[in-house]
Amino acid sequence: MRDVLATFLMALAGSLTVAVVGLLVLRGPLRGRSVTAHIVVLLLVTVLSVLAGILGASMEMFISDHDLHVLLIVVGTAATVSLAAGLWAGRRLARASMWAAEAREREREAEARRRELVAWVSHDLRTPLAGLRAMTEALEDGVVSDPETVADYHHRISAETDRMAALVDDLFELSRINAGALRLTLAEVPLGDVVSDAIASATPLAAAAGIELVAASSGWPTVRGSVPELSRIVNNLIRNAIRYTPPDGTVVVTGGEDDAGGWVAVSDTCGGIPDVDLPRVFDVAFRGTTARTPGRDAGGGLGLAIVRGLVEAHQGDVAVANVGDGCRFVVHLPA
């Protein structure tokens, strides 16, 4: 009985010593380190506690040399397997923890963007609706009756209706992109044809604003994409450039091909984008600061967000940078 008690006390003393050292290590040098490091230390504490007990019993001659060698081999083998399993499990837990943290962060960002979008849409719809209601009531009540004013009211009501319809269309397109409901009909598309159609559509707008719209006549690649979505990408970029370019400015559309595929770039003379705003240019409802002072309709703030969503749906990428006296948007698409 005395030998059993002595063995127990030695094993307890050795285990407590190792456990205290392990806890100090966890609370000191390893504090705030990875999950894998903590699991490895805990496994080492377990193995070393067993070894401390075995060595203590061996020193008191409770274990023969032969039995000590056998126990050391068994414990060493078990320790190797345990540490390998601990490393594997620790890395999996670390990846899962990082994924969960990133998922929570993405969820918070998505909720913040959703609230911002709801507030922005409410504001952008409330203002034109109030104007439409006022003009409609004025026409119904006979407040305005002369033909010229009535015609002006009708024109303004039509323009506001078209703008709101475009806003709703943008919201629908953005919801399709974010919901993953966008279905592309991919084909080999000559990018020059898409740009040519976009230029023809935007030329009257540029001429009315006193802006020169220029496109390269050659060098356009063939890309893998969906024609309607590619047309919307190019149209949004060109109209965005026209919107923010002052009169007598220039918007230039160029394209080419590199090792990654085809690309199209839209450059303007808007005066540049503040560096602090560059990372947010493609955010929903972001309209920038007064550095880009639009002289005309400021737009809905969804065009560039839609561009990014459509480009990413094509497995491409879009970027913006300040160049000279303006900025340059570049879209890369798979060849």
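Select E105 to begin: in this predicted model the residue is partly exposed, with a relative accessible area of 36%. Add R108 to the selection and display the side chains, since E105 and R108 form a salt bridge whose closest N and O atoms are 2.7 Å apart. Both residues belong to helix 3, which covers residues 65-140, and they sit 3 residues apart, about one turn of the helix. An α-helix has 3.6 residues a turn, so residues three or four places apart point the same way.

While helix 3 is on the screen, colour residues 69-89, a stretch that the unreviewed UniProt entry annotates as "transmembrane region", along with residues 6-26 and 38-57. Over residues 69-89 the chain is 100% helix and 0% strand, and the C-alpha atoms at the two ends are separated by 30 Å.

**Salt bridges between distant parts of the chain**

The count of salt bridges in the model comes to 4, and the next one to select is D169 with R232, where the closest N and O atoms are 3.3 Å apart. This pair links distant parts of the chain, with D169 in helix 4 and R232 in helix 6, 63 residues apart. The two ends of the bridge can be told apart by accessibility, for D169 is partly exposed at 37%, whereas R232 is buried at 18%.

Move next to E188 and R224, another salt bridge, in which the closest N and O atoms are 3.4 Å apart. Here too distant parts of the chain are linked, in this case strand 1 (residues 187-190), which holds E188, and strand 3 (residues 222-225), which holds R224, the two residues being 36 positions apart. R224 has a relative accessibility of 36% and counts as partly exposed.

**The sheet and the helices packed on it**

Now show strands 2, 4, 5, 7 and 6 as a cartoon, and follow them in that order, which is the order of an open sheet of 5 strands with mixed pairing. Why is one side of strand 2 and of strand 6 left without a neighbour in the sheet? Strand 2 (212-215) and strand 6 stand at the edges, and each has a single partner strand, so one side of each has no neighbour there. Averaged over this sheet, and with direction ignored, neighbouring strands are turned by 15° against each other.

At the strand 2 edge, the pairing with strand 4 is parallel and runs over 4 bridges; to locate this pairing in the viewer, select L213, whose bridge partner in strand 4 is V251. Add helix 5, which packs on the sheet and touches strand 2, strand 4 and strand 5, its direction making about 170° with that of strand 2. Helix 6 also packs on the sheet, where it touches strand 2, strand 4, strand 5 and strand 7, and its direction makes about 175° with that of strand 7.

**The nonpolar cores**

With these elements displayed, select I238 and F329, the residues that touch the most other members of the largest nonpolar core, which contains 48 residues. Elements that give two or more residues to this core include helix 4 (147-179), helix 5 (191-208), strand 4 (250-258), strand 5 (261-267) and strand 7 (326-333). Which element gives the largest share of this core? That element is helix 6, which supplies 8 residues. Apart from this core lies another of 7 residues, and L132, M135, Y153 and M164 are among its members.

**Helix 7 and two loops**

Select helix 7 (303-313), which also gives two or more residues to the largest core, and show its buried residues, namely L304, A305, I306, V307, G309, L310 and V311. These buried residues pack against helix 4, helix 6, strand 6 and strand 7.

Step past the end of helix 7 to Q315, whose phi is positive, near 65°, in a residue other than glycine. Q315 is placed in the loop between helix 7 and strand 6. Is Q315 buried or exposed? With a relative accessibility of 66%, Q315 counts as exposed.

Finish at D248, in the loop between helix 6 and strand 4. Phi of this residue, which is not glycine, is also positive, near 70°, and D248 counts as exposed at 73% relative accessibility.

Notes
Residues are numbered from 1 along each chain as its sequence is written. This is a predicted model: local features need pLDDT of at least 70, side-chain atom pairs count only at pLDDT 80 or more; totals for chains, interfaces and linings use all residues. Side-chain values use heavy atoms; hydrogens and water are left out. A nonpolar core is a set of buried Ala, Val, Leu, Ile, Met, Phe, Trp, Tyr and Cys residues joined through side-chain atoms within 4.5 Å. Buried means under 20% relative accessible area, exposed over 50%, partly exposed in between (1.4 Å probe, protein chains only). Two strands pair if DSSP finds at least two bridges between them. Axes are lines fitted to C-alpha atoms, for helices over the stretch in contact, and angles run from 0 to 180 degrees between N-to-C directions. Contact means heavy atoms within 4.5 Å. UniProt positions are given in the numbering used here, feature names are shortened, and annotations may be inferred rather than shown by experiment.
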